[in-house]
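Here are some notes to help you find your way around this model for the first time. Keep the viewer open and follow the points in order.

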Amino acid sequence: MIVTSQDFPLSALIQVEPPAQDVGQRPAGETTAAVAAAGGRRRKDMLRRLRLIALLLIPLWQGSASSAAGPPHAAVASADPRATSAGVAILNAGGNAFDAAVAVSAALAVVEPYSSGLGGGGFWLLRRASDDREIMIDGRERAPLAARRDMYLDPQGNVIPRSAIDGALAAAIPGEPAALVYLARRYGRLPLAQSLAPAIRLAREGFRADARYQRMAGARLTALRSSPAAAAVFLRNNDVPADGTLITQPDLADTLSAIAQQGAAGFYQGPLAKRLVAGVRAAGGIWSAQDLASYAVVERAPIVGAYHGWRISSAPPPSAGGVALITMLNILSGVDLSSMDPITRTHVIVEAMRRAYRDRAQYLGDPDFVTVPVALLTNPYYAAGLRAGIRLDKATPSELLPSAAGTDPSADTTHFSILDKAGNAVAGTLSINIPFGSAFMPEGTGVVLNDEMDDFSAKPGVPNVYGLVGEDANAIAPGKRPLSSMTPTFLDSDRGLAVLGTPGGSRIITMVLLASLDIMAGGDAVTAVGVKRFHHQYLPDEIQYEPDALPPEVIAGLQAMGHRLQALPGPYGNMQAVWWDRRAGRVSAASDPRGQGLAELLQ
Ligand code: DON
């Protein structure tokens with residue numbers, strides 16, 4: 001089948017994507033927090049009090065995740081069978097979960113070139129069994145040093161359509177190469193070259209284009225055609241390749257080999273860096289050698305929260321994921337979801353989503369540039385206030401929640417979940433943003449660059465490709481990381497440990513919420529990835545839902561409460577989950593039935 005769409009239908013793809021610093025077990029509130037200027041003195045007082053409460057709560061968190069014996073099986077779940085096999089091979093060769101994460105990430109970069117890659121970034125949430133430590137490796141892209149707040153605005157101050165989406169100017173400085181090197185050297189057991197070997201082989205030997213590949217390439221055809229190097233690799237005769245076409249990536253194999261041999265310098269310095277910068281600049285971009293040479297990953301303490309005896313750890317800023325997830329769970333922990341009828345249950349979950357996304361729009365951004373009030377937003381007392389504003393019989397119009405200004409999400413990205421037999425775990429969510437990122441590939445690199453610059457708020461209140469709005473906290477600044485929704489997450493209790501996450505743009509966080517609620521209510525990996533999905537993101541003020549997610553009577557009941565509902569044309573998300581049931585001594589792993597990934601258990 002040849003897909004012939006001429007341009008990227010931004011609304012179409014997400015729906016049809018079925019197919020540390022020293023990091024201890026610290027509470028979310030540990031982060032230095034002061035409220036953004038808008039909050040005023042009253043909020044600062046409240047914050048001081050909340051910080052104190054948070055400190056008093058520390059002992060409750062410590063040690064809650066410890067586990068004497070390891071799981072009976074290792075497991076790998078990823079969005080592509082070839083990437084899962086790469087992870088399994090590395091585990092079988094004596095690697096730990098961190099080595100396997102390097103292998104899976106690199107293989108995904110090759111076989112899902114539209115989802116993630118060396119030209120992009122991601123978050124790798126790690127759990128190290130030897131000392132029960134959790135760490136997040138922030139390999140998020142950074143804005144180039146020449147980036148400016150208004151760089152995507154025309155002289156009238158309007159956002160120039162697609163300027164942060166297509167082409168070299170849309171690309172931020174990649175973090176994935178640095179993250180893989182760091183992960184292997186700091187946490188892995190095997191040589192980097194060994195963990196990268198499966199990906200290098202896949203890039204040289206190639207993979208066959210399938211219907212998913214065709215859909216992604218078709219959606220980005222115009223942009224891919226305007227990058228000769230990208231078109232040479234991903235298109236045939238400047239068109240979507242026929243089903244079964246072999247896609248080989250020799251330049252990418254060389255780039256991976258340079259990283260395998262030289263570490264980060266193989267990408268961020270030397271001849272490859274020169275080619276990246278020259279290619280970007282020749283195509284109207286603003287990268288410099290200094291941008292690449294100064295890129296560094298950051299270890300960050302995960303955001304930690306509690307829900308009915310569970311300990312939740314997830315991605316901290318510059319992802320909004322963990323903060324929003326904990327805010328929603330804190331709101332929901334004060335109600336008994338299990339005793340509610342389906343209409344009220346859906347309503348209350350939606351109202352929690354609405355409130356967390358309102359805060360996302362206002363407060364969240366790169367913590368190295370803005371003060372994010374993490375302690376406030378993740379504190380149970382703050383959530384109690386939000387909960388008090390929810391009426392059980394009526395929707396809260398988003399316009400009545402103070403602040404911030406909405407459209408439709410779309411896109412790609414990827415996730416994998418790994419558990420090894422020692423109990424080490426990795427939840428990795430990686431992205432180049434929309435399919436094929438910026439669709440721009442500098443000549444002679446094999447690296448398709450991200451368009452993560454669109455995750456910034458180009459202008460306050462103007463929605464990005466996912467319909468997300470933002471304010472100052474997520475404005476563009478040189479060297480700043482754009483706010484993300486990626487939410488790699490662990491759920492831990494006496495019952496067991498879950499490792500999960502998914503792609504899906506702005507809907508990632510609510511997918512992780514619904515899956516987490518499922519597991520914490522007695523579910524497992526299979527039920528969690530299969531949960532029917534609905535979503536609210538404050539603006540647009542509507543409940544978006546998979547076609548079969550809400551029965552007619554629930555839809556009618558929600559409408560009667562004042563909710564606007566928008567059925568999506570198809571399913572969305574591509575969740576990968578591992579569940580270690582400590583009580584039963586069993587491990588299960590599952591790949592989202594909407595996608596074509598593979599979950600495997602190792603003996
Ligand atoms: O970091 C983010 O939030 C986005 N760049 C993720 C994009 C995404 O998940 C698209 N997937 N379907």
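1. A word on names first: helices and strands here are DSSP runs, numbered from the N terminus, with at least four residues for a helix and at least two for a strand. Please also keep in mind that this is a predicted model.

2. With that in hand, go to the loop that lies between strand S2 (121–128) and strand S3 (133–139), where you will find Asp132. Asp132 is not a glycine, yet its phi is positive, at about 55°.

3. Next, look for a cis peptide bond between Pro317 and Pro318, with omega at about 20°. Pro318 belongs to the loop that links strand S8 (310–314) with helix H13 (321–332).

4. Now turn to the ligand. Where does the ligand sit? Its place is in the largest cavity. There are 16 residues around the ligand, and those that come nearest are Asp412, Glu452, Asp455, Ser484 and Ser485. Sorted by class, this shell consists of five nonpolar, seven polar and four charged residues.

5. Some polar side chains around the ligand deserve a visit. Asp455, one of the residues that come nearest, has a side-chain N or O atom 2.6 Å from a nitrogen atom of the ligand. In Asn433, a polar side-chain atom is 2.8 Å from a ligand nitrogen. For Thr413, the partner is an oxygen atom of the ligand, 3.1 Å from an N or O atom of the side chain. As for cover, the ligand taken alone exposes 350 Å², and the protein buries 99% of that area.

6. Further along the chain is an open sheet of three strands, in the order S13-S14-S15 and with mixed pairing. Why is one side of S13 and of S15 left without a neighbour in the sheet? Strand S13 (534–535) and strand S15 (565–567) stand at the edges and each has a single partner strand, so one side of each has no neighbour there.

7. Within that sheet, strand S14 (residues 543–545) runs parallel to S15, and three bridges join the two. If you want a spot to check this pairing by eye, try Ile543, which stands opposite Leu565 in S15.

8. One last stop is the loop between S13 and S14, which holds Pro540. Is the peptide bond from Leu539 to Pro540 cis or trans? The bond is cis, with omega near 0°.

Technical notes: Residues numbered from 1 in each chain as written. Predicted model: local features only at pLDDT ≥ 70, side-chain atom pairs only at ≥ 80, totals over all residues. Heavy atoms only, no water. Pairing = 2+ DSSP bridges. Near = heavy atom within 4 Å. Polar contact = N/O pair within 3.5 Å; in protein donor to acceptor, adjacent residues only side chain to side chain. Areas by Shrake-Rupley, 256 points an atom, 1.4 Å probe, with all protein chains shown as cover. 1 Å grid on protein atoms, 1.4 Å probe; cavity = no way out; pocket = protein on both sides within 12 Å on 5 of 7 lines; lining within 4 Å. Sits in = over half its atoms within 2 Å of the grid points. Nonpolar A, V, L, I, M, F, W, Y, C, P; charged D, E, K, R; others polar.
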